[in-house]
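Me: Could you take me through the sheet in this model, with a close look at how its strands pair and what packs against them? I'd be glad of one connected account.

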Amino acid sequence: IVAFHRSPQGEGSALVVAGTSVTGTEAAAEFLLNDAKLEPWLRKATSQGGLAGFDILIHDRNLAGHAPEPEVIAFHRTNR
């Protein structure tokens, strides 16, 4: 997953990059660091000129321990 959430009180924010395996976490990080893959989803998470919170569920195919192509399978935008 790649998730971004703001504190309800506006005191801070958190970015979570995680997977159920090492290759899953690598796939999430690869997705996050790839502007071409991330930018369309950031546009969907933008509201009234600011970035809202979001959750992105990523699927990768584990081929011999490598995560070749992260693929978004679910997206959720929060109100904050």
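**The sheet and its neighbours**

Reply: Four strands make up an open sheet in the order E2-E1-E5-E6, and their pairing is antiparallel. At the edges are E2 and E6, each of which pairs on one side only. From one strand to the next, the twist averages 10°. Please keep in mind that this is a predicted model.

Let's start with the pairing of E1 and E2. Strand E1 covers residues 2-6 and strand E2 residues 13-17; they run antiparallel and are joined by 5 bridges. Within this pairing, Phe-4 stands opposite Leu-15 in E2. E1 and E2 form a hairpin, with 6 residues between the two strands. In the turn you will find Gly-10, with a positive phi of about 75°.

E1 also pairs with strand E5 (residues 54-59), again in the antiparallel sense, over 3 bridges. Here Ala-3 stands opposite Asp-55 in E5.

Now move on to the edge strand E6, which holds Glu-71. How far apart are the C-alpha atoms of Glu-71 and Leu-57? The separation is 8.5 Å, for two residues that are 14 residues apart along the chain. Leaving out residues up to four places away in sequence, Glu-71 touches Leu-57, Ile-58 and His-59. Glu-71 has a relative accessible area of 40%, so it is partly exposed.

Just past this strand, the segment after E6 (71-77) holds Thr-78. Is Thr-78 buried or exposed? Thr-78 is buried, because its relative accessible area is 17%, under the 20% cut-off. Setting aside residues up to four places away in sequence, the contacts of Thr-78 are His-5, Ala-52, Gly-53 and Phe-54.

Next come the helices that lie across the sheet. H1 lies across E1, E2, E5 and E6, and runs at about 125° to E2. H2 lies across E5 and E6, where its angle to E6 is about 20°. The two helices also pack on each other: helix H1 (residues 22-33) and helix H2 (residues 35-44) have axes 5 Å apart, at an angle of about 75°. H1 is therefore roughly perpendicular to H2. On the H1 side of this contact are Phe-31, Leu-32 and Leu-33, which meet Asp-35, Lys-37, Leu-38 and Trp-41 in H2. Sorted by class, the contact of H1 with H2 has 5 nonpolar and 2 charged residues, and no polar ones.

That brings us to the interior. In soluble globular proteins, nonpolar side chains tend to be buried together. The largest nonpolar core in this model has 9 residues: Val-2, Phe-4, Ala-28, Phe-31, Leu-38, Ala-45, Phe-54, Ile-56 and Ile-58. Which elements give two or more residues to this core? They are E1, H1 and E5. E5 supplies the largest share, 3 residues.

Several residues met above return here. Phe-4, which stands opposite Leu-15 in E2, is one of the core residues, as is Phe-31, which takes part in the contact of H1 with H2. Phe-54 is in the core too, and it is among the residues touched by Thr-78. Ala-45, another core member, also touches Phe-54. Not counting residues up to four places away in sequence, the other contacts of Ala-45 are Gly-50, Leu-51, Ala-52, Phe-75 and Arg-77.

Methods: Residues are numbered from 1 along each chain as its sequence is written. This is a predicted model: local features need pLDDT of at least 70, side-chain atom pairs count only at pLDDT 80 or more; totals for chains, interfaces and linings use all residues. Side-chain values use heavy atoms; hydrogens and water are left out. Buried means under 20% relative accessible area, exposed over 50%, partly exposed in between (1.4 Å probe, protein chains only). Contact means heavy atoms within 4.5 Å. Axes are lines fitted to C-alpha atoms, for helices over the stretch in contact, and angles run from 0 to 180 degrees between N-to-C directions. Angles under 35 degrees count as roughly parallel, over 145 as roughly antiparallel, 65 to 115 as roughly perpendicular and the rest as oblique. Ala, Val, Leu, Ile, Met, Phe, Trp, Tyr, Cys and Pro count as nonpolar, Asp, Glu, Lys and Arg as charged, and the others, Gly among them, as polar. Two strands pair if DSSP finds at least two bridges between them. A nonpolar core is a set of buried Ala, Val, Leu, Ile, Met, Phe, Trp, Tyr and Cys residues joined through side-chain atoms within 4.5 Å.
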